[in-house]
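Q: Got a minute to go through a model with me? I'd like to pick at a few spots.

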Amino acid sequence: MQQACSCVLLVLLWQRVAAVLEPLRHNDCHSRAVSMETRILDNYLTDQHTVTVIESCTEIPIMSPYCLHNPVPLNAFTLHRFQAFVHQSLEHTTQELEYRTSECFVGSGHKGDLLTELLPYLSEYNPLAKVMLITQEMADQELAELFHAAWYRYRLLQLIVLNHRANDTIESCLFNPFRKALSPELRYLPTGKSDLHCRLLTDGQQLDAYNRELNLFIDDRVYNLNGYPLNIAMHVSNGSTSAYDCILGTVSFTDIDQEILSIMQKQMNFSLILHKNELELSIGYIHQNGTPIGTLGLIEQNAIDLAANSRIIHNYDTRNLLYLHYISTEKLVFITPRNYFRNRDKTQVFINPFSVAYMLTNVLLSFGVPMIIFLLEYAACRLDVPREPSSHSFGTKVLNLVGIIYNVSVKLPRADRKRWIIVGLLVYNIVSYPIWQGVTIRYLHPSNQQVNNINSLEELIETELELKVSHYHEHIVRHEGPHFQSPVYSALSGRLSTRNTSSLRDSIEQIIMHGNSALLIAEEYVPLVLAGNYRWIPGKPDGIWPIQKPIYEFYKSMAVPKTSPFAGTFNAIVLHCVEAGMNDRFKHQLETVVQLMQIRRIREHPSVPDYIVFNMEHLLPLFIFYFAMLLLSGGIFLIELAVHAFQASRARSQQRAPLSVPVEEYVPFEFVH
C-alpha cells in the first residue's frame, strides 16, 4: 500500500514538473505601492522578453508583473515547482550552457527563504538574467547580507530589491561592489548598508527621476569601475619578441592583445592585477578528460575576470566560459630546410619514368629498325632471293617512313655505313628531347621552388625530418579532433616533438645548419623568419623554405566567465577595436618590420643566391652542341656527295660506249653503292 502511494505521489510530482506554464492572474493594480512597484519593474524590463514569477511566500504577494503597462509573456511557478524544473533542466543539458539574457525573474520572501531556497536555483539556471526580489521590512544588515551573498556566492549580478517599509513606502536597493574598499590581501570586506545604493520612494512623482538614476547607475557600475582591481591572465610577450627573439633584433612592435587590454583599461577605469602565465598555459587548453587548465581553469573557478591571450580549441561541456568576438584567425605552417631535395630536378627531368621510357623506345626504334632491315636484306642476299633492282624496295620504303618521322627529308641511303649517319642523327634527336624538357622545366622554375623544395604535407611526411612544434602550439595540434580522420594528420600528430623547442632561435638554427628538422610556427611570422638576418650562422643566408598551405587554423580571442558583468562591455570594446582596423594595423606593422629587415639584410649581405637562374646565356653550350652536330652531319653529307661524283666521273671515263640506262624517277641526293 505504501509503495502504491509513493508511485502515485511520484506521478503527480512529475506531472507538476512537466506541466505547461500558466499565465498569471492579477488582483489589484490600483494601490500606490503596487503602482510604484509596477513602474519600477516596467523600467527595469528594458530589452527583456519574458517574466517568470516565482511565488515563494504567501505573506508577500506578487502583483506588479501582471499590472505592467507593456504586457510581456508571463510564466508562473511555485517555489518547489521551480526547484524541480531547474533540476530537470540541468539533467537534460549535455552541451555548453548558453544563458539567455532576455529573461527576468520576480520572487518574494524573507531573507532566509531567499538565500536558501531561491537564489541558489536562480544562479544555477541563469545567473545573467535580471532578478527583482520583493520583501517587507527587511533590516539594513539583512539587505547587505542578501546582496553580498547574491553577488559573491551566487554570481547574481543583475539584482534589485524592493523592500516595502510601509503601505505606501518602498525602499529600492541596488549594489555596486566596485565602490567597496578592499582588504590588503585583495579580498572583499563584508558588505554593509553604506555599500548599497538605496532610495526611499513615497510618491509616484519621484519615479521618473529615480528610473533615470537607476539606469545610469547600472551603466556606470560597469563602464566606470573607479580603480576596481580586475584579475586578468595573459602572457606578456613584449610584442612577441620573446617568442621570435632570433629575428626581430632591435625592431619591436606592439602586441594587439596588450593594445586592446590597454584600451579596455582606459575606457573602464579599472586597476589591473596581471597574472603572467607561461606561454603554453595562456591559451585555451583543455585536457582530454575535459578539464580546463591555465587561464581557462581560472575562469572555471571564478578566479579570473579576463583571459587576454586565450585560444578557442574545440567545444566541450562548460557552464562558465564565454569567448568574446574573435580578433583574428591564426594559421600554422611548417618551415623546412631549403633545397632539401638537392638533385630532385635532375631525377624528375632526366630519370623519371616518362623520359626513360621515351629514350628506350626511340633507341630501340632508331637502332632496331635499321638493323632488322639490314639483316633481312643480308639474309635475302645469302639465300639468293630474287629482288627488284628498283630503289623502291620494302626496306627503302620503311627507312623513308622512319626518315619522315624523324624529320629527315633526303632519301635514305642503301649502303650500310651511310645508314648509320642517319642513325646518329636519330640518336641526337632522342637525347635532345629530355635535355630540352629539362631546360624548359628549369626555365619555368628558376629558383627550384617547385622542384627541390618540400611543398606539401604529404611530401613532408615522407621525409625523415624531425617534425618539431613549440609547447605553445602543441596543445592546439594535439586536440584537433576532426583532422584525425585524415591519415596524414594522424601521422603528423604522432611524429610531432617538442624536444629542444624552448628557444625558437635554436630551432631555426638547427634547420639552417643541419637540415634535419622542420618547425611548425604561425603563418603571420613566416615572413619575419624568411627576412631574418642570420648573422650568427656564417655562409647561410638562405636556409629556410615554408610550406605555403596552412596546416592548422584556429580563432584567436579573449575569454571571460559567462557570469561576468563585464562580458557585454568587453565585447563592445573588442568589436569596436576590430572595426577600427586594429588587426589590419597589426599586420601592417609586421609587413613594415619585414621590409626594414630585408633592406638591412641586402645592405649588409649583398650576396648572390646559391641557386641557378637559367637564361639564354646558360643555354649557349646547348646551341653550340646542336650546331656542331648539324655541321658534322652536313660535312659528312657533302663528303659523300663528292665521293659519289668522283666515282661517277671515273666510271664514265672508263666506258667505251654509252649504255642504255632505264629512265628512273628523279631523286635528289641519291646514295648508291
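What follows is a short chat about a helix, a strand residue and a surface patch.

Q: What kind of model is this?
A: A predicted model: local features need pLDDT of at least 70, side-chain atom pairs count only at pLDDT 80 or more, and totals for chains, interfaces and linings use all residues. Residues are numbered from 1 along each chain as its sequence is written, and side-chain values use heavy atoms, with hydrogens and water left out.

Q: Which residues of H2 are buried?
A: Ala 33, Val 34, Met 36, Glu 37, Thr 38, Ile 40, Leu 41, Asn 43 and Tyr 44. Buried means under 20% relative accessible area, exposed over 50%, partly exposed in between (1.4 Å probe, protein chains only). Helices (H or I, at least four residues) and strands (E, at least two) are DSSP runs, numbered from the N terminus.

Q: What do they pack against?
A: Strands S3, S4, S5, S6 and S7, plus helix H6. Contact means heavy atoms within 4.5 Å.

Q: New topic. Where is Ala 307, and is Ala 307 buried or exposed?
A: Ala 307 is in strand S12, residues 306-307. Ala 307 counts as buried because its relative accessibility is 0%.

Q: Which residues does Ala 307 touch, leaving aside neighbours within four places in sequence?
A: Ala 233, Thr 295, Ile 299, Ser 557, Met 558 and Ala 559.

Q: How far is the Ala 307 C-alpha from that of Met 234?
A: They are separated by 5.9 Å, though the two residues sit 73 residues apart along the chain.

Q: And Val 236, where is that?
A: Val 236 lies in the loop between strand S8 (228-234) and helix H7 (245-248). At 36% relative accessibility, Val 236 counts as partly exposed.
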